[in-house]
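Please read the following report alongside the sequence and the coordinates. It takes the contacts with nucleic acid and then the contacts between the protein chains.

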There are 2 protein chains.
Amino acid sequence: MNPDLTPVQAVACCSPLAREPLSEEVAEQVSVVLKALGDPVRLRLMSLVASHEGGEACVCDLNNAFDLSQPTISHHLKVLHEAGLLEREKRGVWAYYRARTDMLENLAAVIGGTPT
Amino acid sequence: MNPDLTPVQAVACCSPLAREPLSEEVAEQVSVVLKALGDPVRLRLMSLVASHEGGEACVCDLNNAFDLSQPTISHHLKVLHEAGLLEREKRGVWAYYRARTDMLENLAAVIGGTPT
DNA sequence: TTCAGACATCGACAAGGGTAAATATTCATC
DNA sequence: GATGAATATTTACCCTTGTCGATGTCTGAA
């Protein structure tokens, strides 16, 4: 078993759900990613960033899209970032988040990949 | 908007994450499914059922696969069932759960579907 | 260097969720 | 019907998490 398994690695390497039972370690890490997406606000944030032109969006735009405080949005973005779903880049005063489409594709493969 | 939108319907009908921003209602329901999978035990349960021959498994087997109490497993199976990910069938004294592969495929399409 | 704006972090609180013990329900068998 | 086995439900506990207000940090401009 890999003691340093990260969410990104777990999602990238493992077989589809339906092929063989997920190991405890892999399940632990994959569930981190799914838990990150398992919140309505974060799911919409992810969708907003991913569907934005260039696959990236400024935090200033994201804040306005919700009826939530700025710290709350910042917190959700951090969760998505730590799960490996968003990349963060600071340009001047502004912060931009970019969707990790490879993570989304790998995660989709784990969930819906055809067995065998 | 659809006031009676269920998780199953939301996952089946909506465009991929990266195509256009998810509506509040859809995000709410899709997040229910993702939240259901966003737990290590439930993820392994889902994988155990889906990878089992015939795509179904008996609760009696599932209980033995974890170091958790029977009510806890039963609770997790209920969450997966209510999210539309598992179907339940009682045969005699035993309960069998079957994986909704269509849900898994639709969910994968929402997450990893290629935009446009 | 001071100021203002953008974003992150901290601290705290209420709501939600995972867990197990106890109990209930359902079905096959005696 | 009474008993026992397989699951589900109820109740309660504790830890996690979503949220906000206050504060901190960093950057560009004056």
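## DNA strand D

In this predicted model, a polar backbone atom of B:C60 lies 3.3 Å from a phosphate oxygen of DNA strand D. Another phosphate oxygen contact involves chain A, where an N or O atom in the side chain of A:T72 is 2.8 Å from a phosphate oxygen of DNA strand D. A base is also approached, with an N or O atom in the side chain of B:Q70 placed 2.7 Å from a base nitrogen of DNA strand D.

Around DNA strand D there are 21 residues, of which A:T72, A:H76, B:Q70, B:V93 and B:Y97 come nearest. Of the atoms of this strand that come within 4 Å of the protein, 70% belong to sugar and phosphate. The surface near DNA strand D draws at least two residues from each of α5 of chain A and α4 (59–64), α5 and β3 (94–99) of chain B, and by class it has ten nonpolar, seven polar and four charged residues.

## DNA strand C

For DNA strand C, the surrounding residues number 23, and those that come nearest are A:Q70, A:S74, A:Y97, B:R42 and B:H76. Sugar or phosphate accounts for 75% of the atoms of DNA strand C within 4 Å of the protein, with the rest belonging to bases. Chain A contributes α4 (59–64), α5 (70–82) and β3 (94–99) to the surface near this strand, and chain B contributes α5 (70–82), each of these elements supplying at least two residues. That surface is made up of eleven nonpolar, seven polar and five charged residues.

Contacts with phosphate oxygens of DNA strand C come from both chains: a polar backbone atom of A:C60 is 3.2 Å from one, while on chain B an N or O atom in the side chain of B:T72 is at 2.9 Å and an N or O atom in the side chain of B:H76 is at 2.3 Å.

## The interface of chain A and chain B

Between the two protein chains, 31 residues of chain A are in contact with 31 residues of chain B. The chains bury about 2600 Å² between them, and 73% of this area is on carbon and sulfur atoms. On the side of chain A that touches chain B, α2 (24–37), α3 (40–51) and α6 (101–112) are the elements that give two or more residues, and by class this side has 17 nonpolar, six polar and eight charged residues.

How many salt bridges does the rule find across the interface of chain A and chain B? The count is zero, whereas six residue pairs are found in polar contact across this interface, both residues being at pLDDT 80 or more.

Note on methods
Residues are numbered from 1 along each chain as its sequence is written. Chains are lettered from A and ligands numbered from 1 in the order in which they are written. Side-chain values use heavy atoms; hydrogens and water are left out. A residue is near a molecule or strand if one of its heavy atoms lies within 4 Å of it. A polar contact is a pair of N or O atoms within 3.5 Å; within protein, one must be able to donate a hydrogen and the other to accept it, and residues adjacent in sequence count only if both atoms are side-chain atoms. Helices (H or I, at least four residues) and strands (E, at least two) are DSSP runs, numbered from the N terminus. Ala, Val, Leu, Ile, Met, Phe, Trp, Tyr, Cys and Pro count as nonpolar, Asp, Glu, Lys and Arg as charged, and the others, Gly among them, as polar. Contact means heavy atoms within 4.5 Å. Buried area is the accessible area (1.4 Å probe) that two parts lose on being put together, summed over both. A salt bridge is a side-chain nitrogen of Lys or Arg within 4 Å of a carboxyl oxygen of Asp or Glu.
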